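Open your viewer, switch to a cartoon view, and keep the selection box handy. We will go stop by stop, and at each one I will say what to pick and what is there.

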Amino acid sequence: MELDRDLRSIQQARDLVREAREAQAAFAAFTQHKVDEVVRAMAEAAEAAAEPLARMAAEETGFGVIADKVAKNRFASRAVYDSMKDKKTIGIVGGDPAQGLILCAVPMGVVCGIVPSTNPTSTAIFKALISVKAGNALVISPHPSALRSIGEAVRVLGEAARSAGAPKGLLGLMTVPTLGGTNELMKLSDLILATGGSAMVKAAYSSGTPALGVGAGNVPAFIERTADIPMAVRRIMDSKTFDNGTICASEQSIVTERPIKDEVIAEFKRQGGHFVSGEDQAKLERIILRAGSDTVNPRIVGRAAVEIAEMAGVRVPADTRVILCEQDAVGAQHPFSIEKLSPLLAFYVEDDWQNACKRCLELLRFAGVGHSLAIHTGSDRLVRTFLQTKPVSRLLVNTPAAQGAIGLTTQLVPSLTLGCGAVGGSATSDNVTVEHLYQLRRAAYGTAEAGAHAPQKATEADIEAIVAAVLRELRG
């Protein structure tokens, strides 16, 4: 039975890619204006469906908070769209005509989008908008536990695209997702956008197809002695409880300095944090990890702190927002130090910022190198020190880490795919966006003869002709 399902999934992947190639070939003839009309229609439809899609995702997966999923869907549609709506992504997009250089954007072709269960509808919206804006077709491989909600998002987006004139097949969905089918989809596509577990991201990079994947997030948050402590704690709590911690950039550990330890603990307690130790700590540690594994137990992912405590048989106050546990070591034997994707936090205390710096580095190297680190401080000098010495792609300063990393509370590009750079095994350290989904062709006019010692400039007539041609292209 499983073999039959896998074979059907593989065949579906082949059929979807074939349909996507035909649709993308027709879409490649669209002008920038026409592409923008399609993208605008998709964004507006997704934004209008933000609430029902959020409800469907929460009901199907059991993860997160409906109101926060609505906010993520609106971010994925409105904020992402606004960040790229005026960008030229089709045909001649720039260069320096006066110097004899012209840049032309070319779509990748068929993009394979791997969409996780933690942020299902928002990730589908995001990947669809940036793919189509760059002139590509997109085929999505959904996490099986979020198939219905991802499918509805693709339906909403696809109908909007077709109503604006896009060819049928530009957006596709695997309705029989299996590992074999997803592997086939990855091999047949021109680019992979992989968001999910580390095994899936590694598979994407091993497929033989160019890939943009994200590594694990295990974000430390350092509260330094010059920080505004009540504000730092509020930001961390707002981030860690946002959709119950399902964004990979949410904080996983707090690191602070001993002189302010009591003040920081008191502030966490005042804002709904509950500290555990002893037998309660042991009970929670037993359910953090998947049985027989060093990875997080999916039963706790995206669940509220009170629910997780109840699962573990631990009594906590009814108004508990986050559960914290003081730690003195990092590693698989210390479950609180892993990426938990839930309102659970490890809590480390170090004598000074230098030792706090080492602890943050240890946490990142254990799991999360290349991703993000949060720092709450009043010292710009310390920010620069961390920026130069920490192996992360995003240093998030005095902001909620989850919202800051995706560009909601910072000037980072709005994105739901966060690159981790070479150190994190990723092809980019950027917040992935539309610029990563097209290639540039370059027309470079000769300005010097081979072997000449001095460059020979193009004639005035040559330059005028080049400029006129490019301006005509840019004006449509």
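## A helix across a sheet

Start by selecting α5, which lies across β3 (110–115), β4, β5 and β6 (191–194) and runs at about 165° to β3. A word before going further: this is a predicted model.

Now show the sheet under that helix. Five strands make up an open sheet in the order β5-β4-β3-β6-β7, paired in parallel. Look at its edges: β5 (171–173) and β7 (211–213) each have a single partner strand, so one side of each is left without a neighbour in the sheet. On average, neighbouring strands here are turned by 15° against each other, direction ignored. Zoom in on β4 (residues 137–142), which runs parallel to β5 and is joined to β5 by three bridges. For a single pair to label, take I140, whose bridge partner in β5 is L173.

## From α5 to α6

Keep α5 (residues 120–133) on screen and add α6 (residues 147–163). Their axes come within 8 Å and cross at roughly 35°. The crossing of α5 past α6 is right-handed. Show side chains for P120, T121, A124, I125 and A128 on α5, and for S149, I150, A153 and L157 on α6: these residues make the contact. What classes of residue does the contact of α5 with α6 have? Seven are nonpolar, two are polar and none is charged.

## Around K133

Next, select T89, in the loop between α4 (66–84) and β1 (91–96). Is T89 buried or exposed? With a relative accessibility of 1%, T89 counts as buried. Leaving out residues up to four places away in sequence, T89 touches Q32, A105, K133, A134, V434 and Y438. Draw a distance from a polar side-chain atom of T89 to the backbone oxygen of K133, and you should get 2.6 Å.

Stay with K133 and add D36, which belongs to helix α2 (residues 32–48). The side chains of D36 and K133 make a polar contact at 2.7 Å. With residues up to four places away in sequence set aside, D36 touches K85 and K133. For a sense of scale, also mark G292: D36 and G292 lie 256 residues apart in sequence and 50 Å apart in space, C-alpha to C-alpha.

## The seven-stranded sheet

Move on to the open sheet of seven strands, ordered β10-β11-β12-β9-β8-β13-β14 with parallel pairing. At its edges stand β10 (273–276) and β14 (392–397), each with a single partner strand, so one side of each is left without a neighbour in the sheet. From one strand to the next, the twist averages 25°.

Within this sheet, pick β9 (residues 251–257) and β12 (residues 344–350), a parallel pair with five bridges. Label S253 and you will find A346 of β12 opposite. Then add helix α14 (residues 380–389), which packs on the sheet and touches β8 (219–223), β13 (370–376) and β14; the direction of α14 makes about 165° with that of β14.

## Last stop: S426

Finally, select S426, in the loop between α15 (401–405) and β15 (438–444). At 8% relative accessibility, S426 counts as buried. Which residues does S426 contact, apart from its neighbours within four places in sequence? They are Y205, G213, G419, C420 and G421. Two distances are worth drawing here. The S426 side chain reaches the backbone nitrogen of C420 at 3.5 Å, and a polar atom of that side chain lies 3.1 Å from the backbone oxygen of T428.

Definitions and conventions. Residues numbered from 1 in each chain as written. Predicted model: local features only at pLDDT ≥ 70, side-chain atom pairs only at ≥ 80, totals over all residues. Heavy atoms only, no water. Axes fitted to C-alpha atoms, helices over the stretch in contact; angles between N-to-C directions. Helix = DSSP H or I, 4+ residues; strand = E, 2+ residues; numbered from the N terminus. Left-handed = near helix turned anticlockwise from the far one by under 90°. Contact = heavy atoms within 4.5 Å. Nonpolar A, V, L, I, M, F, W, Y, C, P; charged D, E, K, R; others polar. Buried < 20%, exposed > 50% of the residue type's maximum accessible area, 1.4 Å probe, protein only. Polar contact = N/O pair within 3.5 Å; in protein donor to acceptor, adjacent residues only side chain to side chain. Pairing = 2+ DSSP bridges.
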